There are 2 protein chains.
Amino acid sequence: MTFRSHMSDALEQARAAADRGEVPVGAVLVDPDGRVLARAGNRTRELADPTAHAEMLVIREGCRLLGSERLTGCDLYVTLEPCPMCAQAISAARIARLYYGAADPKSGGVEQGPRIFTHPQCHHIPEVYDGIAADSAAALLREFFAGRRG
Amino acid sequence: MTFRSHMSDALEQARAAADRGEVPVGAVLVDPDGRVLARAGNRTRELADPTAHAEMLVIREGCRLLGSERLTGCDLYVTLEPCPMCAQAISAARIARLYYGAADPKSGGVEQGPRIFTHPQCHHIPEVYDGIAADSAAALLREFFAGRRG
């Protein structure tokens, strides 16, 4: 599997989230051998849990499966730039590489606003690859919010 | 109950966390009528979950109890300055007031490093009261880490 197919998988999760009435963001967690450990879309509404972002759900599930607080060597694919909460959780989990799609000027925390990975208080910095299938991820979000205004 | 007794309650949770071998941080969530909704200490090791900080646990429990993603009007007491993950979750949950004890120059995200509440990407800013019972909270952490080095 290439990084593009993992991002396609994350986009599928984002579409499924939209179908559930959730903000369409999807994430996929991949272990050091390239196996998918966990997939999720946002479930904040369904679970009435403001922390149930797609990234948080795959991190928690991956840690549960590995029985470890750390996901050393694992890669995370997410369709939208993580918010500061998720960026910090990515660091705490020691994720090796973060691949994301669209930038999020409104709520992002990687290249915007608090830029979580740029401070001395960030004890692990993943490699970051942005802009992957960004158009598809952004289109999903646009359609979702246009539909809600309609 | 005054804010000092809620912080004493949070300190009790921190002590209980230390007894379980967890970093001693405790949190208490209080509803708009002054009733305690949830209490927790860190459980990252026990749960093998890097997101299981005391603050996250009480936010998730409070939301579960209220059946809502938002804790509008609720107050959060925590013995240590929240990290960026928890600070963002506090904002996302629309917590009204954050009372915390010791500053955390190493990993804090409120007055240190990313200063989560200071960016336009932060859509809700709680009132923040710091330094409450800070000496007790800091002493617990010092004793815990001294014991682990011994």
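This report walks through the symmetry, the sheet and the helix packing of a predicted model with chains A and B.

## How the two chains are related

Let's start with the overall arrangement. In general, a rotation about an axis, together with a shift along that axis, relates two copies of a chain. Here, chain B is superposed on chain A by a rotation of 180° with 0.0 Å of shift along the axis, and the RMSD is 0.0 Å. The two copies are thus related as by a two-fold rotation axis.

If you would like a landmark for that axis, try B:Met85: among the residues of chain B, its C-alpha comes closest to the rotation axis, at 1.9 Å. The interface follows a simple pattern too. Of the interface residues of chain B, 100% are also interface residues in chain A, so the copies meet through the same surface.

## The sheet

Next comes the sheet of chain B, which is open and has 5 strands in the order E2-E1-E3-E4-E5, with mixed pairing. Its edge strands are E2 (36–41) and E5 (127–129), each of which pairs on one side only. On average, and with direction ignored, neighbouring strands of this sheet are turned by 15° against each other.

Within chain B, strand E1 (residues 26–30) runs antiparallel to E2(B), and 5 bridges join the two. One pair to look for is B:Ala27, whose bridge partner in E2(B) is B:Ala40.

In chain A, strand E1 (residues 26–30) and strand E2 (residues 36–41) likewise pair in the antiparallel sense over 5 bridges, and A:Ala27 stands opposite A:Ala40 in E2(A). The hairpin of E1(A) and E2(A) has 5 residues between the strands, and A:Gly34 in this hairpin takes a positive phi near 85°.

## Helices H3 and H4

Now to the helices. In chain B, the axes of helix H3 (residues 54–66) and helix H4 (residues 84–92) come within 9 Å and cross at roughly 25°. With angles under 35 degrees counted as roughly parallel, H3(B) and H4(B) are therefore roughly parallel to each other. Their crossing is left-handed. H3(B) contributes B:Glu55, B:Met56 and B:Ile59 to the contact, while H4(B) brings B:Met85, B:Cys86, B:Ala89 and B:Ile90. By class, the residues of this contact are 6 nonpolar, no polar and 1 charged. B:Met85 has thus come up in two places: in this helix contact and as the chain B residue that comes closest to the rotation axis.

Chain A can be read in the same way. The axes of helix H3 (residues 54–66) and helix H4 (residues 84–92) of chain A come within 9 Å, crossing at roughly 25°, and H3(A) passes H4(A) in a left-handed crossing. On the H3(A) side, A:Glu55, A:Met56 and A:Ile59 meet A:Met85, A:Cys86, A:Ala89 and A:Ile90 in H4(A). This contact holds 6 nonpolar, no polar and 1 charged residues.

## Helices H1 and H5

One more helix pair is worth a look in chain A. The axes of helix H1 (residues 3–19) and helix H5 (residues 134–149) of chain A come within 10 Å and cross at roughly 5°. That makes H1(A) roughly parallel to H5(A).

A:Leu11, A:Ala14, A:Arg15 and A:Ala18 of H1(A) make this contact with A:Ser136, A:Ala137, A:Leu140 and A:Phe144 of H5(A). Sorted by class, the contact residues are 6 nonpolar, 1 polar and 1 charged.

Note on methods:
Residues are numbered from 1 along each chain as its sequence is written. Chains are lettered from A and ligands numbered from 1 in the order in which they are written. This is a predicted model: local features need pLDDT of at least 70, side-chain atom pairs count only at pLDDT 80 or more; totals for chains, interfaces and linings use all residues. Side-chain values use heavy atoms; hydrogens and water are left out. Copies are superposed by least squares on the C-alpha atoms of residues with pLDDT of at least 70 in both. Contact means heavy atoms within 4.5 Å. Axes are lines fitted to C-alpha atoms, for helices over the stretch in contact, and angles run from 0 to 180 degrees between N-to-C directions. Helices (H or I, at least four residues) and strands (E, at least two) are DSSP runs, numbered from the N terminus. Angles under 35 degrees count as roughly parallel, over 145 as roughly antiparallel, 65 to 115 as roughly perpendicular and the rest as oblique. A crossing is left-handed if the near helix is turned anticlockwise from the far one by less than a right angle, and right-handed if clockwise. Ala, Val, Leu, Ile, Met, Phe, Trp, Tyr, Cys and Pro count as nonpolar, Asp, Glu, Lys and Arg as charged, and the others, Gly among them, as polar. Two strands pair if DSSP finds at least two bridges between them.
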